[in-house]
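Colleague: I would like a close look at one part of this model. Please take me through its interior, and name the residues I should look for.

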Amino acid sequence: MTSQPPARQPRASVPGRNGVPHHGLHDHSAQGQSLEGALEQAGFYPRLVADVVADALDGRDCVAHLVHLETHFDRAEVRRHITVLVLTEDMLVITHVDDQQLDEAGEQIVAQVSTESVPVTQIRSVVLSYVYAQPQDYKPSDPVRELTLFIAWSGGQRLDMGPASCGDPQCEADHGYSGTIAQEDIVLRISAEADGLQAVQDAKLFARALRAVNTGSTAPAPHGTSTLPQRPRPGVFGNRLSRGHQR
């Protein structure tokens, strides 16, 4: 069974490369908690993930963030992995961390880390899919029960196909196939039941900030930051992330 690292107590700061607190992890958006606090709450190697994210930010400040921890049950094993999205003024930084045990006793564990930095100017689309309970009784105060965030930047597409039908349940004729094509590089699904209402609200705020920066409209600005030059970087993921759409 994969070990589950204990959560640590919140720290006042996360050291950067030179041993000084890294300001980039302390965002000042309207989200429920800071990026550092979200990593601590997730409890999945928070120091390691914080250092990896800080290194990927390379001195940039956080405008908005989204931290998503998933747990999968596979027979006798429990697998966890975390995806961290951090939006800066010019980049979307994606970090994914999961672990793997090398022995049956669970004493030898390795963490696999991937990071990708995408210039916001290259983001093609931001799609939000909502789920509301009891829509016939909807009121403006009703919260979203589930939210799925799709972000596309590379032109990658997902093709879902299945046998076509004519609508007649007795028909046995071959009607070929039908399907849908969706653009996506990363998919994250956040539900109120699994992650809490605040996590759903934070995901909405993150998507709003991402759209604002991507379209050049007014976005939440981090405290005490100046305009940063655009520094495009090539993607490093061989396979695009598609996390969070299965639970």
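Modeller: What follows starts with the whole chain, then moves to the interior and finally to its surroundings.

This is a predicted model, in which local features need pLDDT of at least 70 and side-chain atom pairs count only at pLDDT 80 or more, while totals for chains, interfaces and linings use all residues. Residues are numbered from 1 along each chain as its sequence is written, and side-chain values use heavy atoms, with hydrogens and water left out.

First, the overall layout. The protein has four helices and nine strands. Both kinds of element are DSSP runs, numbered from the N terminus (helices are H or I with at least four residues; strands are E with at least two). Their order from the N terminus is α-α-β-β-β-β-β-β-β-β-β-α-α. Of the 247 residues, 40% are buried. Buried means under 20% relative accessible area, exposed means over 50%, and partly exposed lies in between (1.4 Å probe, protein chains only). The accessible surface is about 13,600 Å², and carbon and sulfur atoms hold 48% of it. Such areas come from the Shrake-Rupley method with a 1.4 Å probe; for residues, only the protein chains shown count as cover. Among contacts (heavy atoms within 4.5 Å) with a separation of 6 or more, 66% join residues 24 or more positions apart.

Now the interior. In soluble globular proteins, nonpolar side chains tend to be buried together. A nonpolar core here is a set of buried Ala, Val, Leu, Ile, Met, Phe, Trp, Tyr and Cys residues joined through side-chain atoms within 4.5 Å. The largest one has 28 residues. L85, L87, I123, L149, I151 and F206 have the most contacts inside it. At least two residues each come from β1 (64-74), β2 (77-87), β3 (91-101), β5 (125-131), β6 (146-152), β9 (186-191) and α4. Helix α4 gives the most, with seven residues. A second, separate core has 19 residues, including A38, L39, Y45 and L57.

So which helix should you look at? Turn to α4, which covers residues 197-215. The expected span is 1.5 Å times one less than the number of residues. For the 19 residues of α4 that gives 27 Å, and its end C-alpha atoms are 27 Å apart, which agrees. Its buried residues are V200, D202, A203, L205, F206, A207, A209, L210, A212 and V213. Just after α4, G216 takes a positive phi of about 85°.

Within α4, pick out F206. Beyond its neighbours within four places in sequence, F206 is in contact with Q31, A64, H65, L66, L85, L87, L92, L149 and I151.

Next, step across to strand β5, where V126 sits. V126 is buried, at 17% relative accessible area. Setting aside neighbours within four places in sequence, V126 is in contact with L149, F150, A207, L210 and R211. V126 and L210 are 84 residues apart in sequence, yet their C-alpha atoms are 7.9 Å apart.

Strand β3 also supplies the core. Of its 11 residues, 10 are buried, so β3 is largely enclosed by the rest of the structure. Strand β4 (residues 109-119) pairs with β3 in the antiparallel sense over 11 bridges; pairing requires that DSSP finds at least two bridges between two strands. One bridge joins D98 to Q112 in β4.

Now some places outside the core list. Most residues other than glycine have a negative phi, and most peptide bonds are trans. D58 has a positive phi of about 55° and is not a glycine. D58 lies in the loop between α2 (46-57) and β1, and is partly exposed at 29%. Q134, also not a glycine, has a positive phi of about 50°. Q134 belongs to the loop between β5 and β6 and is partly exposed at 48%.

Finally, Y130, Y132 and Y138 form one aromatic cluster. Rings of Phe, Tyr and Trp (its six-membered ring) pair if their centres lie within 6.5 Å; planes under 30 degrees apart count as stacked, over 60 as edge-to-face and the rest as tilted. The count by this rule is three aromatic pairs. Y132 and Y138 have ring centres 5.6 Å apart and planes at 85°, so this pair is edge-to-face. Y132 is partly exposed at 35%, and Y138 is partly exposed at 45%.
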